[in-house]
Amino acid sequence: MLMNRRGFVVRTSMVTLGGCLAPSALARVLRADQILDWAKVTGHTKAVVNLALGGNSMMVVSGGEALVIDSKFPYLGAALREDAMTETGGGGVSLLNTHHHGDHTGGNSAFVGRGKTYAHPKAIERIRGQIDNYRTGAEAAVGQVSQNLAGNKRAIELAVEVADNAQNLKAEDFVPTDAVEGGSQITVGELTLDIHHFGAGHTDNDIVVHIASENVVHTGDLVFSGLHAFFDPSGGYSTKGWIKSLSSVLELCDAETTVVPGHGVVGGREIVENARSYLEQLVEAVDAEIKKGTSKEDAQQMTWSFMDGLGFEQIKGRAIGAVYDQIKGS
Ligand SMILES: [Zn+2]
């Protein structure tokens, strides 16, 4: 277990499953009924930073309202919403998805129809098309809990409920109803959230949330902090666009900005710089191998010094392959 400079706990180990990141074995100790270990980020924000529980969710709370950014896996949607309702005392709770991947939208059905639910138009389309992914995720819930939250009664209850209902789930249960694009603003109590979309990057529907008054940015999966980046060939990614998007994210940050990444530890602007540098060096290394005539399969087995110490080792070959294909195709 690692701890970053702001005290966020980092846990490692994860596997990829059908285009989304899924948890693997992890022992955790929490209070009896607590499922999500929220850590304070700024005065009005907190986050769950735990590699085994899907994308990093952030909660924004102000004036009796709460917005949850990203809903993790199917069995965690209700837990996220319950925690938000506790904050608001039953007041308005809304949801925003940073992009369509299943480890950021799996819990959407706990929110849709019960308040505003925001995503990029292309995310909305893609979420509508991936009901099989959500059913599979729901069916896997009991296994996930037994690995990650063993002994947590509330988590087991939620997992059993979600798994029993898996085949009744409909696409519309997961589809956000409120489209946001670059330039949109969302109000949560006294706070204004600026929504950014910098074009195709990690996917074709990445949203970055900036709360200037809190000096905090949630980058979604444009940033994997201390980890290999996850590439999804079917999600409309662009390696060049991803690098460009990260430069645009940096324009939102000053020396004091707190950055919540899609996965991995919370930090400052340096985690954005590191993510950009990883992609730049990956492109450079893979391009050099292509010029030498190295096959894709051989390149995928390689490793370079800039990768030293990164987590999510199991998705390294996938990242190399995706960049290889994109360079070859361009
Ligand atoms: Zn993603």
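## Helix α10: length and burial

At 1.5 Å a residue, the 14 residues of α10 should span 20 Å, and the end C-alpha atoms of α10 are indeed 20 Å apart. The expected span is 1.5 Å times one less than the number of residues in the helix. Helices here are DSSP runs (H or I, at least four residues), as strands are (E, at least two), and both are numbered from the N terminus.

This is a predicted model, in which local features need pLDDT of at least 70 and side-chain atom pairs count only at pLDDT 80 or more, while totals for chains, interfaces and linings use all residues. Residues are numbered from 1 along each chain as its sequence is written, and side-chain values use heavy atoms, with hydrogens and water left out.

The buried residues of α10 are Lys316, Gly317, Ala319, Ile320, Gly321, Ala322, Val323, Tyr324 and Ile327. Buried means under 20% relative accessible area, exposed means over 50%, and partly exposed lies in between (1.4 Å probe, protein chains only). The cover over these residues includes α7, α8 and α9 (296-300).

## Helix α8 and its two partners

Two packed helices are described by the angle between their axes and the distance between the axes. Axes are lines fitted to C-alpha atoms, for helices over the stretch in contact, and angles run from 0 to 180 degrees between N-to-C directions. The axes of α8 (residues 269-292) and α10 (residues 316-329) come within 9 Å and cross at roughly 65°. This crossing is right-handed; the near helix is turned clockwise from the far one by less than a right angle, whereas anticlockwise would be left-handed. In contact (heavy atoms within 4.5 Å), α8 contributes Tyr278, Leu282, Val283, Val286, Asp287 and Ile290, and α10 contributes Ala319, Ile320, Val323, Tyr324, Ile327 and Lys328. By class, this contact has 10 nonpolar, no polar and two charged residues. Nonpolar covers Ala, Val, Leu, Ile, Met, Phe, Trp, Tyr, Cys and Pro; charged covers Asp, Glu, Lys and Arg; the others, Gly among them, are polar.

Helix α7 (residues 239-251) also packs on α8, with axes that come within 10 Å and cross at roughly 160°. The two helices are therefore roughly antiparallel, a term for angles over 145 degrees (under 35 is roughly parallel, 65 to 115 roughly perpendicular, and the rest oblique). Their crossing is left-handed. Among the residues that meet are Trp242 and Leu246 of α7 and Val272 and Leu279 of α8. The contact of α7 with α8 divides into nine nonpolar, two polar and four charged residues.

## Helices α5 and α6

The axes of α5 (residues 141-148) and α6 come within 8 Å and cross at roughly 160°, which makes α5 roughly antiparallel to α6. The crossing is right-handed. Ala141, Val142 and Val145 of α5 meet Ala155, Ile156, Ala159, Val160, Val162 and Ala163 of α6. These residues comprise nine nonpolar, no polar and no charged.

## Helix α1

Helix α1 (residues 77-88) has 12 residues and reaches 17 Å between its first and last C-alpha, close to the 16 Å expected. Its buried residues are Gly77, Ala79, Leu80, Arg81, Ala84 and Thr88, and their cover includes β7 (57-62) and α6 (153-164). Gly89, which follows α1, has a positive phi near 65°.

## The loop at Gly182

Gly182 lies in the loop between β11 (178-179) and β12 (185-188) and is partly exposed, with a relative accessible area of 45%. The C-alpha atoms of Gly182 and His196 are separated by 4.1 Å, although the two residues are 14 apart along the chain.
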